[in-house]
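Visitor: I would like to go through this model by question and answer. Please keep the reasoning explicit.

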Amino acid sequence: MFHISNGDSMKDLRYERIASNHKASENKGKNGIVAFVSGGILGALAEGLINFYSSIFDISRNDATSIMIVTFIFIASLFTALGFFDKLVNRFKCGLLIPITGFAHAMTSSAMDYKKEGLVYGIGMNIFKLAGSVILYGVVAAWFFGMIRYFIGGAL
Amino acid sequence: MLYFNSFLFCGFICLMGQLILDNSKLTPGHITSLFVVIGAFLDTFSIYDFIIKKVGGGALIPITSFGHSLIHGALAKSNSMGFMGLLMGMFDLTATGITAAIIFSFVFSLIFKPKN
């Protein structure tokens, strides 16, 4: 009994040392710069797409924004379904997760993961597994802050 | 100039997310939820509208703009419908994004086979 627990704690110690070595090699500063640059490029691309759509279709900036968001969601969904968006996310991390591409990625990947459990119990019940919390807390926060604005500051 | 501002602002938001991800135990799910709440909070007194005017597309692509669109649609509807407008207009502006995400992810998950 004593021997087993002793061996376990030795194993834990060794595991922790190995784990901490790997953590140290993961460069936080580099991760931050990569996220900053990739996110920034996506932002500039979004601005470019808005200008492109509003000039080519002759529509207002607000409508062009909607089409721009649909474009990004389409690309992120397609790349996730094809299987190589996960590798891009591993490399760029928050640069791809914080923009709207992360939302589409979460929905498509949970739909793909549970596809084998069937259309209703698999895809239907799990498609909002990760993205659901974004919608839930977004709606609750928007309602709460909207109430504050409505009663204190007046409507828009 | 808008391009440069877009680059800086969207990059800054992603950098913030990455710093939180690296220096705490929060997962990307926590961070996106947190940023949506922050976006809704910033639009309570029209700060996010001001940012969008200065920054352009770079402020419309991070997940914070999702929270901004939710509260913006709700407040715009409450202008004409009063208190109930907060509930009626909630999804007015984000309907495009949510509908597109649902349809594309459903169709693509039906068409393509999971890799592993």
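Guide: A term first: helices are DSSP runs of H or I with at least four residues, numbered from the N terminus. The model is predicted.

Visitor: Which helices each supply at least two residues of the nonpolar patch?
Guide: The patch lies on the surface and has about 1000 Å² of accessible area together. Its members include Leu119(A), Val120(A) and Tyr121(A), as well as Ile102(B), Phe106(B) and Leu110(B). The helices that each supply at least two of its residues are α7 (119-126) of chain A and α7 (95-111) of chain B.

Visitor: Which helix gives the largest share of the nonpolar patch?
Guide: Ile111(B), one of the patch residues, lies in helix α7 of chain B. Ile111(B) counts as exposed because its relative accessibility is 55%, and exposed means over 50%. The largest share, six residues, comes from α7(B).

Visitor: How many disulfides does the structure hold over all chains?
Guide: A disulfide needs two cysteine sulfur atoms within 2.5 Å. The sulfur of Cys94(A) has its closest cysteine sulfur in Cys14(B), 7.1 Å away, so that pair is too far for a bond. For Cys10(B), which is in no disulfide, the nearest cysteine sulfur is that of Cys14(B), 4.5 Å away. Over all chains, the number of disulfides is zero.

Visitor: Is Cys94(A) buried or exposed?
Guide: The cut-off for buried is under 20% relative accessible area. Cys10(B), at 0% relative accessibility, counts as buried. Cys94(A) has a relative accessible area of 2%, so Cys94(A) is buried.

Visitor: Which side chains meet in a salt bridge?
Guide: The count over all chains comes to one salt bridge. Its N to O distance is 3.2 Å, and the cut-off is 4 Å. The two side chains are those of Glu47(A) and Arg61(A).

Visitor: Where in the chain do Glu47(A) and Arg61(A) lie?
Guide: The pair links distant parts of the chain, with the two residues 14 apart. Glu47(A) is buried, with a relative accessible area of 1%, whereas Arg61(A) is partly exposed, at 35%. Glu47(A) lies in helix α2 of chain A and Arg61(A) in helix α3 of chain A.

Visitor: Where is Asp58(A) found?
Guide: Asp58(A) has a positive phi, near 60°, and is a residue other than glycine. Most residues other than glycine have a negative phi. Asp58(A) is exposed, with a relative accessible area of 69%. Its place in chain A is the loop between α2 (28-56) and α3 (61-82).

Visitor: Is Ser46(B) buried, partly exposed or exposed?
Guide: Ser46(B) is found in the loop between α2 (28-42) and α3 (47-55) of chain B. Its phi is positive, near 65°. Relative accessibility is 23% for Ser46(B), and partly exposed covers the range between the 20% and 50% cut-offs. Ser46(B) therefore counts as partly exposed.

Visitor: What percentage of the residues in chain A is buried?
Guide: The secondary structure of chain A comes to eight helices and zero strands. Chain A exposes about 9000 Å², with carbon and sulfur atoms supplying 66% of it. Of the 156 residues in chain A, the buried ones make up 40%.

Methods:
Residues numbered from 1 in each chain as written. Chains lettered and ligands numbered in written order. Predicted model: local features only at pLDDT ≥ 70, side-chain atom pairs only at ≥ 80, totals over all residues. Heavy atoms only, no water. Buried < 20%, exposed > 50% of the residue type's maximum accessible area, 1.4 Å probe, protein only. Patch = residues over 30% accessible without salt bridge, like charges linked within 9 Å, V, L, I, M, F, W, Y side chains within 5 Å. Areas by Shrake-Rupley, 256 points an atom, 1.4 Å probe, with all protein chains shown as cover.
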